[in-house]
Amino acid sequence: MKLDDMELFVQVVDQGSFTKAAEFCELPKSTVSRRIRDLEQSLKSRLLDRTTRSLHLTEVGEAFYHKVRLILAEVEETEKEIAQKQGDYSGKLTVYAPDSILDLCIDHVTQFCRDYPDISLILHCASQPQNLMTDKRFDLLLDIGTPADSSFIARPLAKLTFGYFASPEFLEKFGSPKTPDDLNKFDTIAMTAANSNITSWHFNQHELTLAPKCIVDSPSVIRSLAVAGQGICCLPTVLVAADLKSHKLIRLFNGEYEYKLTLYGIYHSRRFVPEKVKLLLDDVETLLQPRVDSIEGGVI
């Protein structure tokens, strides 16, 4: 039994004839007759008594008619509620992002909360590999590097410059690497392999394989370890800008091997994206790149 056939049956009763129902629904009369016949067949009951001049509900048909009206009204109300939730600016908005990226976006998030007080943000401040996100309930994932899962939709939001850094104390104690290959002689701090997008250290067309002393799943913790003199790190320049200005960290190789990766806003489907997700994406895309450029430019 199809919902469309139930709607057509109601129209036949309300219009009082197959001909008028066919005209109202812009269907051939033969199609209307066939679909009502199929409906009766699926119910194993006669719903209408038909003559050449009149149309009457059977006892079963009348009970079915009133029940269907209730069902259709409930369906219509449900559709309205879903459409409202899809288009309104209220409810929960679940976002996953590395803590360092959320820190970078905190002004935007704060303003977003002020502009849309009926939206409740649920922020998960952890690096989540995309292969572990497939079954998670989320509205938006912010992630750096080429998206690994093609089933998601990825929208580029900003480009971040990555560089190599170490503390003055570390360099004074162990010396400074002159070439990328020298890094194998030094303690290094790297992202956990679970976040495969930003584990590789890029040197032009060459990627260096290292055996890090520390493997961490948080860029902010990597920064703290580097400032504490625990090794050489590869991080976004925006994350260490304040440390570069205060000389807690030093840029290695005179910035020669810096490279850029894209920050993506990742969501489940291109179809029926909730308006509140579009709003947040638009805000981040509009505001973040100028912020990144300003911070990076301030430490050149």
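The following exchange asks how several terms apply to this predicted model.

User: What kind of model is this, and how are its residues numbered and its values taken?
Analyst: This is a predicted model in which local features need pLDDT of at least 70 and side-chain atom pairs count only at pLDDT 80 or more, while totals for chains, interfaces and linings use all residues. Residues are numbered from 1 along each chain as its sequence is written, and side-chain values use heavy atoms, with hydrogens and water left out.

User: Why is the pair of Tyr96 and Phe138 called edge-to-face?
Analyst: Rings of Phe, Tyr and Trp (its six-membered ring) pair if their centres lie within 6.5 Å, and planes under 30 degrees apart count as stacked, over 60 as edge-to-face and the rest as tilted. Tyr96 and Phe138 stand 6.3 Å centre to centre with 80° between the planes, so the pair is edge-to-face. Tyr96 belongs to strand E3 (residues 91–97) and Phe138 to the loop between E4 and strand E5 (140–144), so the pair ties together parts that are 42 residues apart in sequence. Helices (H or I, at least four residues) and strands (E, at least two) are DSSP runs, numbered from the N terminus.

User: What makes the pair of Tyr164 and Tyr259 tilted?
Analyst: The rings of Tyr164 and Tyr259 are 6.5 Å centre to centre with 50° between the planes, a value that is neither under 30 nor over 60 degrees, and therefore the pair counts as tilted. Because Tyr164 lies in strand E6 (residues 153–166) and Tyr259 in strand E13 (residues 259–267), the pair links parts that are 95 residues apart in sequence. Both residues also belong to one aromatic cluster, together with Phe162, Trp201, Phe203, Phe253 and Tyr257.

User: How do you know that Tyr164 and Tyr259 are buried?
Analyst: Buried means under 20% relative accessible area, exposed over 50%, and partly exposed in between (1.4 Å probe, protein chains only). Tyr164 has a relative accessible area of 2%, so Tyr164 is buried, and Tyr259, with 12%, is therefore buried as well.

User: What makes helix H9 mostly covered?
Analyst: Seven of the nine residues of H9 (residues 237–245) are buried, namely Thr237, Val238, Leu239, Val240, Ala241, Asp243 and Leu244. Among the elements that cover these buried residues are helix H5 (99–104), helix H8 (219–227) and strand E11 (232–236), where contact means heavy atoms within 4.5 Å.

User: Why is the lining of the second largest cavity called nonpolar?
Analyst: Ala, Val, Leu, Ile, Met, Phe, Trp, Tyr, Cys and Pro count as nonpolar, Asp, Glu, Lys and Arg as charged, and the others, Gly among them, as polar. The lining consists of Val95, Leu102, Cys105, Val109, Leu121, Leu123, Leu142, Leu280 and Val284, which gives nine nonpolar, no polar and no charged residues. A cavity is a set of points on a 1 Å grid over the protein atoms alone where a 1.4 Å probe fits but cannot get out, a pocket is an open set with protein on both sides within 12 Å along at least five of seven lines, and lining residues have an atom within 4 Å of a point. The volume of this cavity is about 60 Å³, as the space filled by probe spheres set on grid points joined across faces, edges and corners.

User: How does the lining of the largest pocket divide by class?
Analyst: The largest pocket, of about 240 Å³, has a lining of six nonpolar, one polar and five charged residues. Of its 12 lining residues, the closest to the centre are Glu7, Val10, Leu72, Ala73 and Glu76.
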